[in-house]
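Reader: Please take one part of this structure and go through it closely. Start from a single pair of residues, work outwards to what surrounds it, and then say how the rest of the chain is arranged.

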Amino acid sequence: KIKLEGEVYEIDRRTGETWVIRGSVRTKVEDKKPTRALPYAEMKKIDGKLSLSRQTGEYLLAGYLYNGTDWKLNQVTLTVTVNFKDGTSWTRKFVESVDGDPFATFFVGVNTGDTDEGEVDKYTWCFNEVSGFPPSGD
């Protein structure tokens, strides 16, 4: 493994395949295929539920999404709004690496970094952008 600027790269010496590891997400590095933002019509095909829970004192928005497209997804940008019972709230944007194979379920986990914000009343999330590798031929 080689570490460069906060990212860890894993290289299979036998096949030459390379993966980048960011936190707990391991993403295969695709050769010569640029990442692109999905068109809106394709983003509508991504569905699922993310739940906000408290993990070791911090809030974690996590769950599984279904990639109903033929794109290989590698990044999602989410806007999350959390309203607390004391009347305070925040809205933040998170950019997360994912490993979303076409027509398959993948995991998304966002650590909000909040430790003592209070009891959550409600929360919402939505996609701002989803990026990935288009199907071959596009």
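Author: In this predicted model, V76 stands opposite E96, a residue of strand 9. That pair is a convenient way into strand 8, which covers residues 72-84. Strand 8 and strand 9 are antiparallel partners, held in register by 10 bridges. Two further pairs can be read off between these strands: T77 has V95 of strand 9 as its bridge partner, and T79 has K93 of strand 9.

The two strands form a hairpin with four residues between them. In this hairpin G87 has a positive phi, near 95°.

Strand 8 also pairs with strand 11, again in the antiparallel sense, and here there are 12 bridges. One of the pairs between strand 8 and strand 11 is N83 with K122, the latter lying in strand 11. Strands in a sheet pair through backbone hydrogen bonds, and the pairing may be parallel or antiparallel.

These pairings belong to an open sheet of four strands, ordered 5-11-8-9 and paired antiparallel. Strand 5 (36-37) and strand 9 are at the edges of this sheet, and each has a single partner strand, so one side of each lacks a neighbour in the sheet.

How much of strand 8 is buried? The count is 11 of its 13 residues, so strand 8 is largely enclosed by the rest of the structure.

One of the buried residues is a lysine. K72 is located in strand 8, and it counts as buried because its relative accessibility is 15%, where the cut-off is under 20%. The side chain of K72 has a polar partner: it makes a polar contact of 2.7 Å with the side chain of D101. Setting aside residues up to four places away in sequence, K72 touches D99, G100, D101, P102, G132 and F133.

The next residue, L73, has contacts that reach several parts of the chain. Not counting neighbours within four places in sequence, L73 is in contact with L38, I46, N67, V98, D99, G100, F106, V130, S131 and G132. D99, G100 and G132 are thus contacts of L73 and are also touched by K72.

L73 leads on to the largest nonpolar core, which has 23 residues. Those touching the most other members are I46, L73, L78, V108, F127 and V130. At least two residues of this core come from each of strand 6, strand 7, strand 8, strand 9 (89-100), strand 10 and strand 11 (120-133). Strand 8 gives the largest share, six residues. Nonpolar side chains tend to be buried together in soluble globular proteins. Two of the residues with the most partners in the core, I46 and V130, are direct contacts of L73.

Strands 6, 7 and 10, which also contribute to the core, make up another open sheet. Its three strands have the order 6-7-10 with antiparallel pairing. Strand 6 (46-55) and strand 10 (104-111) are the edge strands, each of them pairing on one side only. From one strand to the next, the twist averages 15°. Strand 7 (residues 58-67) runs antiparallel to strand 10 and is joined to it by eight bridges. Among the pairs between them, Y66 faces T105 in strand 10.

Y59 is another residue of strand 7. Y59 is buried, at 6% relative accessible area. The side chains of Y59 and R54 are joined by a polar contact of 3.1 Å. The C-alpha atoms of Y59 and G113 are 6.7 Å apart, although 54 residues separate the two in sequence.

For the chain as a whole, the elements are one helix and 11 strands. Their order along the sequence is β-β-β-β-β-α-β-β-β-β-β-β. Among contacts between residues at least 6 apart in sequence, 62% join residues at least 24 apart. Of the chain's 138 residues, 34% count as buried. The accessible surface is about 8,600 Å², and carbon and sulfur atoms account for 47% of this surface.

To return to the starting point, the pair V76 and E96 lies where strand 8 meets strand 9. On the strand 11 side, strand 8 has its other set of bridges.

Technical notes
Residues are numbered from 1 along each chain as its sequence is written. This is a predicted model: local features need pLDDT of at least 70, side-chain atom pairs count only at pLDDT 80 or more; totals for chains, interfaces and linings use all residues. Side-chain values use heavy atoms; hydrogens and water are left out. Two strands pair if DSSP finds at least two bridges between them. Axes are lines fitted to C-alpha atoms, for helices over the stretch in contact, and angles run from 0 to 180 degrees between N-to-C directions. Buried means under 20% relative accessible area, exposed over 50%, partly exposed in between (1.4 Å probe, protein chains only). A polar contact is a pair of N or O atoms within 3.5 Å; within protein, one must be able to donate a hydrogen and the other to accept it, and residues adjacent in sequence count only if both atoms are side-chain atoms. Contact means heavy atoms within 4.5 Å. A nonpolar core is a set of buried Ala, Val, Leu, Ile, Met, Phe, Trp, Tyr and Cys residues joined through side-chain atoms within 4.5 Å. Accessible areas come from the Shrake-Rupley method with a 1.4 Å probe; for residues, only the protein chains shown count as cover.
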